[in-house]
Amino acid sequence: MPDRILRAMDRPAIDHRGPEFKQLSEECFDGLRSIFGTRCPVLVFPSAGHGAWEAALVNTCSPGDVLLMAETGAFSAMWKAMAEAFGLVVEYLPGDWRHGADPDAIYDRLAKDRDHTIKAVAIVHNETSTGITTRLPEVREAIDRANHPALFLVDTISSLASMDFRMDDWRVDVAIGGSQKGLMLPPGLSFNGISKKALRSAQASQLPSRYWDWNAIMPDGETPGFLSTPAINMFFGLHEALTMLKEEGLDNVFERHARLAGAVRQAIVHWGQEGCMELLSEDPREQSNSVTAVLMADKYNADDLRASCMQHTNVALAAGLNRFSGKVFRIGHLGDLNEPMILGTLSAIEMTLKMTGVDYRPGGTTAAIDFLAERFN
Ligand code: PLP
């Protein structure tokens, strides 16, 4: 979290019904629209990302509705479990956690659904547990090719403001976001970008909801507002985050993430030449620019490496989740991040590989330096 954001939040709350907050929140709603690539309203909930998942489901669906989801990793599994808890029927296209959602499989299933029983296609854009990004434009194209009217629900929690995401161009009906990743804020805010088609579904939805109820929060269907007390100090931070993103320019933000992610991948591939590790993502078109997951060879325990890295360098590597527990470690590279930070992280990992006796090819950090230097020549 950048200092600028922390300092913006470090002030007394103001009257959330007064003119100052009205202006602040309206500027935030506008800024969010440009981050989401939409002219549609983006609502802000005081919640973790789970809340925005829930809001997307309870506003658009009714018990017994069928959702088409793709098994991309731990987060698609959690969203599926939530849908099932609400009495929705999930058709879960199987995946191996090493690839994104398969547009062809989505096309095949939708093309067979002649009665249009599938209410929505729900996809995690960037699967944080695997470092794999689904090719969303191709999923959109698959839905169109099948001529299917399903709603398109997309979790952008670890892609928003780090990688290209275009709600309107890709005709996403509900875009789900969270504050704690590319927006560089603490956890605590979540977002729903809502298309007109999704709003129409909300009129008919039969799932009970109040806290998340789009119609209660935005009675005119156009102007984002609040049902409950807004998280005022988070809005101070959000405003600053949106200002910072605007100053840098969203395209430059995406380019910076692509560059730094490329450097991380160079290092992993270099170290892994002796067979100790490999990128979890098997398709170069899907390698995430916000997080890289690294699969260690069977003889190594990724959690031991993570613990040693933390103990000796104070660098926190994220754990492998579910089936990859102990086998994968993850490097987060999104938000407030630059070359020295990423090179420091890679150096810390390379030092830990040496200390823990992993059979790696020395020089991954240098490979990352070479990659970055080339980008500036
Ligand atoms: N979706 C994705 C892709 C995530 O990475 C996360 C959290 O990391 C979530 C959903 C859930 O968000 P939260 O933990 O804020 O509820």
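**Loops and helix packing around H12**

Met184 sits in the loop that runs between S8 and strand S9 (189–194). The model is a predicted one, and this loop residue makes a handy way in. Its backbone stands out a little: Met184 is not a glycine, yet it has a positive phi of about 65°. Most residues other than glycine have a negative phi. As for its surroundings, Met184 has a relative accessibility of 8%, so it counts as buried, the cut-off being under 20%.

A second case turns up at Arg171, in the loop between strand S7 (151–155) and strand S8 (174–178). Here phi is near 45°, again a positive value in a residue other than glycine. The side of the story that concerns exposure reads another way, though: with 42% relative accessibility, Arg171 counts as partly exposed, because that class lies between 20% and 50%.

Next come two loop residues with polar contacts. Ser62 belongs to the loop between helix H3 (49–60) and strand S2 (66–70). Its relative accessible area is 14%, so Ser62 is buried. Once residues up to four places away in sequence are set aside, Ser62 touches Leu88, Ala204, Ser205, Gln206 and Leu207. With Gln206 there is a polar link to point out: a polar atom of the Ser62 side chain lies 2.8 Å from the backbone nitrogen of Gln206. Gly87 can be placed too, as its C-alpha is 8.2 Å from that of Ser62, with the two positions 25 residues apart in sequence.

Asn289 is found in the loop between strand S10 (277–279) and strand S11 (291–296). Buried or exposed? At 17% relative accessibility, Asn289 counts as buried, since the value is under 20%. Leaving out neighbours within four places in sequence, its contacts are Met163, His257, Ala258, Ala261, Arg265 and His333. With one of these, Arg265, the link is between side chains: a polar contact of 3.4 Å joins Asn289 and Arg265.

That brings in the helices. Helix H10 (residues 250–271) packs with H12 at an angle of about 15°, and the two axes are 10 Å apart. Angles under 35 degrees count as roughly parallel, so H10 is roughly parallel to H12. The crossing of H10 past H12 is right-handed. On the H10 side the contact is made by Arg259, Leu260, Ala263, Val264, Ala267 and Trp271, which meet Glu339, Ile342, Leu346, Ile349, Glu350 and Leu353 in H12. Sorted by class, the residues of this contact come out as nine nonpolar, no polar and three charged.

H12 (residues 339–355) also packs with helix H11 (residues 302–313), this time at an angle of about 115° and with axes 9 Å apart. How does H11 lie relative to H12? The angle makes H11 roughly perpendicular to H12, and H11 passes H12 in a right-handed crossing. From H11, the residues Leu305, Ser308, Cys309, His312 and Thr313 meet Ala348, Met351, Thr352, Leu353 and Met355 of H12. This contact divides into six nonpolar, four polar and no charged residues. Leu353 of H12 appears in the contact with H10 and also in the contact with H11.

Note on methods: Residues numbered from 1 in each chain as written. Predicted model: local features only at pLDDT ≥ 70, side-chain atom pairs only at ≥ 80, totals over all residues. Heavy atoms only, no water. Helix = DSSP H or I, 4+ residues; strand = E, 2+ residues; numbered from the N terminus. Buried < 20%, exposed > 50% of the residue type's maximum accessible area, 1.4 Å probe, protein only. Axes fitted to C-alpha atoms, helices over the stretch in contact; angles between N-to-C directions. Parallel < 35°, antiparallel > 145°, perpendicular 65-115°, else oblique. Left-handed = near helix turned anticlockwise from the far one by under 90°. Contact = heavy atoms within 4.5 Å. Nonpolar A, V, L, I, M, F, W, Y, C, P; charged D, E, K, R; others polar. Polar contact = N/O pair within 3.5 Å; in protein donor to acceptor, adjacent residues only side chain to side chain.
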